[in-house]
Amino acid sequence: KNILCVRYNPLRSTVIASGSADSSVCLFTSSGEVLGRFQSIHGGALSLAWHPTEEASLLAGFMDGRVILLNVSKCLDNDKERRAPMEISVTQEFTNHTKYVHGCEWIDKGDEFVTTAYDNTVRVYARPNSASPYSQKEHFIVSNIPGAILAIPGRREFIVGVKGSNYLIFMVANEVGNYSKKKFNMNANDDDYVSFDPSDIKLSHGGDFLSVYTSKNRIIVYSLRTMMQIQSLYGCFNEENSQNRHVWDPSDQFIYATSHRNAKIVAWNVYSGDVVEYFGNSKQRVRDLDVHPSKRELVSCSYDKAVRLFYASKSS
């Protein structure tokens, strides 16, 4: 089946997880060896997020609205001992959403996580300590589909982009842990004209820049400190409702993004704004991207049922 999402394990970077339209989550090594598999009956696996401090905890969001916390410890043991693929077990299951869960992010050190879905809700889950289960802590109803979500590493803060809105919503926890809302207008002239939807939000590895991949074939780069627009990147080719995805290179000099019409990945030099390269050999559109936590290595998944790894040459 089509592969819908892919993520490196940040604490075990040789291990990659993918989610598929056949409702499965698969774990494999960067050399292609399958370590384990979870098969659900809840529709396609749309989103994945590895826990920031617990290497065996993997969050998955599904088409029927379920969010499942998976335990992949046997698979990680398998990475060392090279046995037959192991079954992935369920730690917890959450059924608060009623439609597609297309976004999930861990907050700060992982005692909280946030999910977004097509039911126009954003939900925060929390646990009192690492030995306790998670439960829903807060939920927020937004005006339309929350199409983009980003948790700021090291902070109890996340950002939501909503379809049909020119504002990003910054959710910041106060001293007692409750979240309050701040809005930021993405339009440079500060008017309320909606000319694009935010499809994907990412933070540069150094934490200085915020990028928004829009529905209009443009990536806008902001200074996170001032939220001033500092760059616009053009050269991708997508339909209006494409599932646009992008990542920053570890050097923060380049951005890579999906380009659906030509089934390619686009690379930009962020400083100059120029397209450096179109690359990849997918036969159908690239659905998701992730970048290695420390090396200049990229993984993609696509509608041609393949996961591909790319390595930067020394001269590029």
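Both faces of strand S12 are covered: on one side Thr121, Arg123 and Tyr125 are buried, and on the other side Val122, Val124 and Ala126 are buried as well. Buried here means under 20% relative accessible area, exposed means over 50%, and partly exposed lies in between, with a 1.4 Å probe and protein chains only. S12 comprises residues 121-126, and 6 of its 6 residues are buried. Strands (E, at least two residues) and helices (H or I, at least four residues) are DSSP runs, numbered from the N terminus.

The structure is a predicted model, in which local features need pLDDT of at least 70 and side-chain atom pairs count only at pLDDT 80 or more, while totals for chains, interfaces and linings use all residues. Residues are numbered from 1 along each chain as its sequence is written, and side-chain values use heavy atoms, with hydrogens and water left out.

**The neighbours of S12**

Strands of a sheet pair through backbone hydrogen bonds, either parallel or antiparallel. In this report, two strands pair if DSSP finds at least two bridges between them. Strand S11 (residues 112-117) pairs with S12 in the antiparallel sense over 6 bridges, and Ala117 stands opposite Thr121 in S12. The two strands form a hairpin with 3 residues between them, and Asn120 in the turn has a positive phi of about 65°. S12 also pairs with strand S13 (residues 135-141), in the antiparallel sense and over 6 bridges. In that pairing, Arg123 stands opposite His139 in S13.

**The sheet S14-S15-S16-S17**

An open sheet is formed by 4 strands in the order S14-S15-S16-S17, with antiparallel pairing. S14 (148-151) and S17 stand at the edges, each with a single partner strand, so one side of each is left without a neighbour in the sheet. Neighbouring strands of this sheet are turned by 20° against each other on average, direction ignored. For such angles, axes are lines fitted to C-alpha atoms, for helices over the stretch in contact, and angles run from 0 to 180 degrees between N-to-C directions. The table gives the pairings within this sheet.

| Strand pair | Bridges | Opposite residues |
|---|---|---|
| S14 and S15 | 4 bridges | Leu150 and Ile159 |
| S15 and S16 | 5 bridges | Val160 and Ile169 |
| S16 and S17 | 7 bridges | Leu168 and Phe184 |

Strand S16 (residues 167-173) is mostly covered, as 5 of its 7 residues are buried. The hairpin of S15 and S16 has 5 residues between the strands, and Gly164 there takes a positive phi near 80°. The hairpin of S16 and S17 likewise has 5 residues between the strands, and Gly177 takes a positive phi near 95°.

**The sheet S22-S23-S24-S25 and a surface patch**

A further open sheet consists of 4 strands in the order S22-S23-S24-S25, again with antiparallel pairing. Its edge strands are S22 (246-248) and S25, each of which pairs on one side only. The twist averages 20° from one strand to the next. S22 and strand S23 (residues 254-259) pair over 3 bridges in the antiparallel sense, and Trp248 has Ile255 in S23 as its bridge partner.

Strand S25 (residues 275-279) contains Tyr278. At 36% relative accessibility, Tyr278 counts as partly exposed. Together with Phe237 and Val275, Tyr278 forms a nonpolar patch on the surface, with about 240 Å² of accessible area together. Patches are made of residues with over 30% relative accessible area and no salt bridge; like charges are joined within 9 Å, and nonpolar side chains (Val, Leu, Ile, Met, Phe, Trp, Tyr) within 5 Å. A salt bridge is a side-chain nitrogen of Lys or Arg within 4 Å of a carboxyl oxygen of Asp or Glu. Accessible areas come from the Shrake-Rupley method with a 1.4 Å probe, and for residues only the protein chains shown count as cover.

**Positive phi outside glycine**

Most residues other than glycine have a negative phi. Ser23 has a positive phi near 75° and is found in the loop between strand S2 (15-20) and strand S3 (24-29). Ser23 is buried, with a relative accessible area of 8%. Asn217 has a positive phi near 60° and is found in the loop between strand S19 (209-214) and strand S20 (218-223). At 21% relative accessibility, Asn217 counts as partly exposed.

**The protein as a whole**

The secondary structure comes to 1 helix and 28 strands. The radius of gyration is 19 Å, close to the 20 Å that the globule rule gives for 316 residues, so the protein is as compact as a globular protein of that length. This radius is taken over C-alpha atoms, and the globule rule is 2.2 Å times the number of residues to the power 0.38. Of the 316 residues, 57% count as buried.
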